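Please consider how one strand sits within its sheet and how its neighbours are arranged around it. The account below starts with that strand and then moves outward.

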Amino acid sequence: MKRIVILFFILPLMGMIAQAQTENTPRVVVIGIDGLIPDQLDEVFTPHIDALKKRGAWTHRAKAVVPTSSNQNWSSMFYGATPDKHKMFPEEYAQSPTCSGYDKAFPSLFKLVKEKYQEGDVAAFYEWRHFRKLFLKNDFDKRRNVPLLTRVNSKLAGRHIVKSDLPILTFVHLDKTDIKGHKHGYGSEKYQRAIYQCDQAVGDIVKALEKKGILDETYILVVSDHGGKDKGHGGDSPEERHIPWILAGPDVQENYLMTGEINIYDTAPTIAKLLGVKVPDCWEGKVLEEPFVQPGLMQYENKIKAVKKLLPVLDKPGNLAKANQLMYEIESLESEYKWKQKPLEQLREKISVKTREANLRNVKVGNMAPDISFPDPEGKVRSLSDLKGKVVLLQFWASWCGPCRKENPYLVSAYNKYKEKGFEIFSVSLDSQKSFERWKKAIEKDGLVWPNHVSDLNSWNSKPAREYGVESIPAIFLVDQQGKIVASMLRDVEIDAEVGKLLLK
Ligand SMILES: [Zn+2]
Ligand SMILES: [Zn+2]
């Protein structure tokens, strides 16, 4: 009896775990465009590859191995090593070198991924038939040769992605570019036309991932095996050696041009890492870090996302607190991530406009005065709300503000005249840490003898000034016995008159 109970308990749990693993398993699609000179992407209309660049990290300066031949480079890409090491030439497994920990053949990325994910699909759709000589048939769950039919190939691969329960690793090889390059010249009009078609094929793959609902969680890598010069390749000229390396995916930097060194044989280790596959010692490539959002930056990105999500909330009235909170969030990000200011600046601008609007809606004559609670120069916290029952003049000023200092005598005279009759002044200074001493001296010098002097020492970033929508100083508000704002923008002699009127009520 006991045993049955336990089984009932465990079985649903096991189901949950298995499901979670499938859901969290990353997927990788590698699209290899044969003989693609990366800078040609700037010459040809390639909206789908452009979109991937925008979503991801990319370079036109990754490097193929020499000789810049197809078999050497596709091998280096998926064996994670230089030709000297993987020795996939002349396309014979008989000569395959050993790799410690792996009996028989030198392990390809396909083999290792297939081994790790028994339930997933490792597939290759390739136009160039020699591709099959470079890798063992057993390394794949599915391997299709679709000669010279670019869009048929991409659509077949797309269908596979949609149908497969777990398309863990899919390689799509597009050959049209290289064929047109050999025939008409790399960079020729027909070659460029082929690039356009390959880009459309990239679009087919993206569409399939979208249809399957896994576009956001899939890594898409667009690469090439080599470039070309005149009507061939094989040498080590920049035109032949430079290849594109364009990666988009979950934690990949957005719209990010990589400047670090990338070799074609870094591809396998980097994908292995993404898929949680152990990188064999015999692989020479390194796991690339540059394309990915760094852990610290990840936090930053998440915070930015959270802030962006909250932005529309600010349009609704009554969200002042939220608006101010967002502003502080942005400021803390700005001080924490000093090297990533640009997106923050734009965001700050947006929020500050909205915050200002919200503050202006909130702080106006007839509304209750928001509380202000900050330390005085001695560190004692003083709150506006403690003065309830009195008529309060709320002053925003600073020691460095000439017009404020000129206005102070009017405040002093009103204070002396009315202080016994239920009048108080609450002074908020926009001084900074730097002008702290000057603030204290100005209070003394101008004879501002009332006890309520506060500041967060943040200058123009003063929190209370922002909450009161103060954009220039001096700024003076009058608050009645109930804590309601009854006047704003008071000046000079108006002060005495208005305070007198209120006290008579
Ligand atoms: Zn090639
Ligand atoms: Zn070729």
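In this predicted model, strand 11 is largely enclosed by the rest of the structure, because 7 of its 7 residues are buried. A residue counts as buried here if 20 or more other C-beta atoms lie within 10 Å of its own. The side chains of strand 11 divide between two directions: Val391, Leu393, Gln395 and Trp397 point one way, while Val392, Leu394 and Phe396 point the other way. Residues of both sets are buried.

The pairing of the strand may be taken next, one neighbour at a time. Strand 12, residues 423–429, runs parallel to strand 11 and is joined to it by 7 bridges. Within this pair, valine 391 stands opposite phenylalanine 423 of strand 12. The connection between the two strands passes through helix 15 (residues 402–418), and the resulting β-α-β crossover is right-handed.

Strand 14 offers an antiparallel partner: its residues 475–479 are linked by 5 bridges to strand 11, which spans residues 391–397. Two of the residues already met appear again in this pairing. The bridge partner of valine 392 in strand 14 is valine 479, and that of phenylalanine 396 is alanine 475.

These pairings belong to a wider arrangement. The sheet is open and consists of 5 strands in the order 13-12-11-14-15, with mixed pairing. Its edges are formed by strand 13 (453–454) and strand 15 (485–488), each of which pairs on one side only. In the strand order, strand 11 stands between strand 12 and strand 14.

Technical notes:
Residues are numbered from 1 along each chain as its sequence is written. Chains are lettered from A and ligands numbered from 1 in the order in which they are written. This is a predicted model: local features need pLDDT of at least 70, side-chain atom pairs count only at pLDDT 80 or more; totals for chains, interfaces and linings use all residues. Two strands pair if DSSP finds at least two bridges between them. Helices (H or I, at least four residues) and strands (E, at least two) are DSSP runs, numbered from the N terminus. A residue is buried if 20 or more other C-beta atoms lie within 10 Å of its own, exposed if 12 or fewer, and partly exposed in between; C-beta atoms are placed from the backbone. A crossover is right-handed if, with the strands pointing away from the viewer, the path from the first strand over the helix to the second runs clockwise.
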